[in-house]
Amino acid sequence: QTFMAGNAMLREKTQGNYPAPKHILSCVFEGLQTDIDTGLAIETRYFVNLVRSPEAKNMIRSLFFFMQEANKLARRPKDVPPQMFTKIGMLGAGMMGAGIAHAAAAAGIEVVLLDATLEGAGKGKAYSEKLLEKRVAKSQLSQDGAAAILARIKPTTDYKDFAGCEMVIEAVFEDRALKADVTKKTEAVIGKEAIFASNTSTLPITGLAEASSRPANFIGLHFCSPAEKMPLVEIIVGQKTSPATLARSMDFVRAIGKTPIVVNDARGFYTSRVFGTYLSEGMALLQEGVAPALIDNAGRLAGMPVGPLALADEVSIELVHKIASQTKKDLGDQYAPRAADQVAALMVDKLGRLGKKSGHGFYEYPADARKHLWPGLAEHFPVRAEQPSLEQVIERLMLIQSIETVRCLEEGVLTSPQDADVGAILGWGYPPFRGGPIGQIQTLGVANFVAACDRLAEQCGERFRPGESLRKKSAEGSQFFPI
């Protein structure tokens, strides 16, 4: 009975994607029925089977080797002296700004937390106070330790308080004019060597740096939300960002206990751009008449934290719609319309369903019950009689992320395939057993991946069409990584 329940509980946790826990249970179950020598032989066979599995290779490569490289700052520019940070500024005390401030203060760095009003800045500090109270209640931190962290955060509305900061991080609304204004006000008081970093998630850094009088010291630091918990920081290098600024920014990311990846400047950078393909492919499937439950269950069974429709609700369908509208406005005739744009526009503009924050999105969020899919979806997105298989839906949701990641490498947005896999796992919860978007190609084999994408391009659209670099690798029989 114990093992029957154990297997069921394990399946719920892993969706059958991680063989190690299942092998461990099998070793115990089978070993208990025999003598110790036979039990050890059984365990050895399971272990050898596990070590030779693609899941083990993927996880060792990405979570051990690549993660160590990133945390050791392998891509840090050489010959730049290490930077010690004692005081930083934080522009904007919303959830993101408050989270970054908390991470820095917890690492022993003084933080000047500036907002438009003292009340707003105070709320940002109160966010840290709540987080610290929880840690004290769990005996993870002493009361004195919590008080010391909180004392390092200074709420203010006066830019003069930024004097002496080695770095100022901007996390205000995604508005170019507002960001330009706070950049100029900050640079008027900080030292010549101080770094100005923008936490923008979509606006190109080179464009934002035009408001700076010293663009060499201007860089992007894209934290993932919630900033105090998520381990990844995407460092975006603008056209005029100096190697010294990059090196010192990497020092800061390591100082606050985060893992950095380095990307070059482009719309959506890397994490937002590829993460968006998961959401948009889920919406495309919905528009095609695939059952919403099948779409979201496929995402979870593929190893993603939640399904694409549920995730769109979490990040806000309204935000997805706004980003698509702004991108279309910026690119004009070069913009390639997507099915997801039509779905998001319908949900937001016509139906007023903005996502979880409004209580209504692809799901309903009743106050006294668990969330559930909105029954009205069937009216606006009729479910077709013939449904794709679970495997077909999983293939589309996962391969679209890999093909977009390869495009980021081809365009020079990503500086290495190693950073691509680390960024995906830490940034948006890409399943580690697949190794990352590039690790997934490695597992399938480049030739098999190219063939699958060509098939999907014929069936679903040119967004799946692989580029020349992949075709060249396929022809050469080469891989991205040696193992």
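# A look at selected residues

Ser469 is partly exposed, with a relative accessible area of 34% (buried means under 20%, exposed over 50% and partly exposed in between, using a 1.4 Å probe and protein chains only). This is a predicted model, in which local features need a pLDDT of at least 70 and side-chain atom pairs count only at pLDDT 80 or more, while totals for chains, interfaces and linings use all residues. Residues are numbered from 1 along each chain as its sequence is written, and side-chain values use heavy atoms, leaving out hydrogens and water.

**Ser469 and helix H21**

The place of Ser469 is in helix H21, which covers residues 468-476 (helices, H or I with at least four residues, and strands, E with at least two, are DSSP runs numbered from the N terminus). If neighbours within four places in sequence are left aside, Ser469 is in contact with Val406 and Glu410, where contact means heavy atoms within 4.5 Å. A second way to place Ser469 is to set it against Glu55, which is 414 residues apart from it along the chain. In space, the C-alpha atoms of Ser469 and Glu55 are separated by 26 Å.

**Two buried helix residues**

Helix H11 spans residues 271-287, and Ser280 is one of its members. Is Ser280 buried or exposed? Ser280 counts as buried because its relative accessibility is 14%. When the residues within four places in sequence are set aside, the contacts of Ser280 are Arg338 and Ala340.

Arg396, in turn, is found in helix H17, which runs over residues 390-410. With a relative accessibility of 7%, Arg396 also counts as buried. Which residues does Arg396 touch, if those up to four places away in sequence are not counted? Under that condition, Arg396 touches Glu281, Ala284, Leu285, Glu288, Leu456, Cys460, Arg463 and Phe464.

**Backbone features in loops**

The backbone offers further places to look, and a good one to begin with is the peptide bond from Ser225 to Pro226, which is cis, with omega near -5°. Pro226 itself lies in the loop between strand E6 (218-223) and strand E7 (232-237).

Gln15 has a positive phi of about 55°, although it is not a glycine. Where does Gln15 lie? Gln15 is in a loop, with helix H1 (2-14) and helix H2 (19-31) on its two sides.

Phe269, which is not a glycine, has a positive phi of about 55° as well. The loop that holds Phe269 is the one between E8 and H11, and at 0% relative accessibility Phe269 counts as buried.

The table below sets out the accessibility of some of the residues in this report.

| Residue | Relative accessible area | Class |
|---|---|---|
| Ser280 | 14% | buried |
| Arg396 | 7% | buried |
| Phe269 | 0% | buried |
| Phe64 | 43% | partly exposed |
| Phe65 | 41% | partly exposed |

**Aromatic rings and charges**

How many aromatic pairs are there in the structure? The count comes to eight aromatic pairs, under the rule that rings of Phe, Tyr and Trp (its six-membered ring) pair if their centres lie within 6.5 Å, with planes under 30 degrees apart counting as stacked, over 60 as edge-to-face and the rest as tilted. Among these pairs is the one formed by Phe64 and Phe65, whose ring centres lie 5.0 Å from each other. The planes of Phe64 and Phe65 stand at 80°, and the pair is therefore edge-to-face. As for their surroundings, Phe64 is partly exposed at 43% relative accessible area, and Phe65, at 41%, is partly exposed too.

Charged side chains can also be described by their place over a ring, which requires NZ of Lys or CZ of Arg to be within 6 Å of the ring centre and within 35 degrees of the ring normal. Which residue lies over the face of Trp374? Arg353 takes that place, at 3.8 Å from the ring centre. In another case the ring belongs to Tyr363, and the residue over its face is Lys371, at 4.8 Å from the ring centre.
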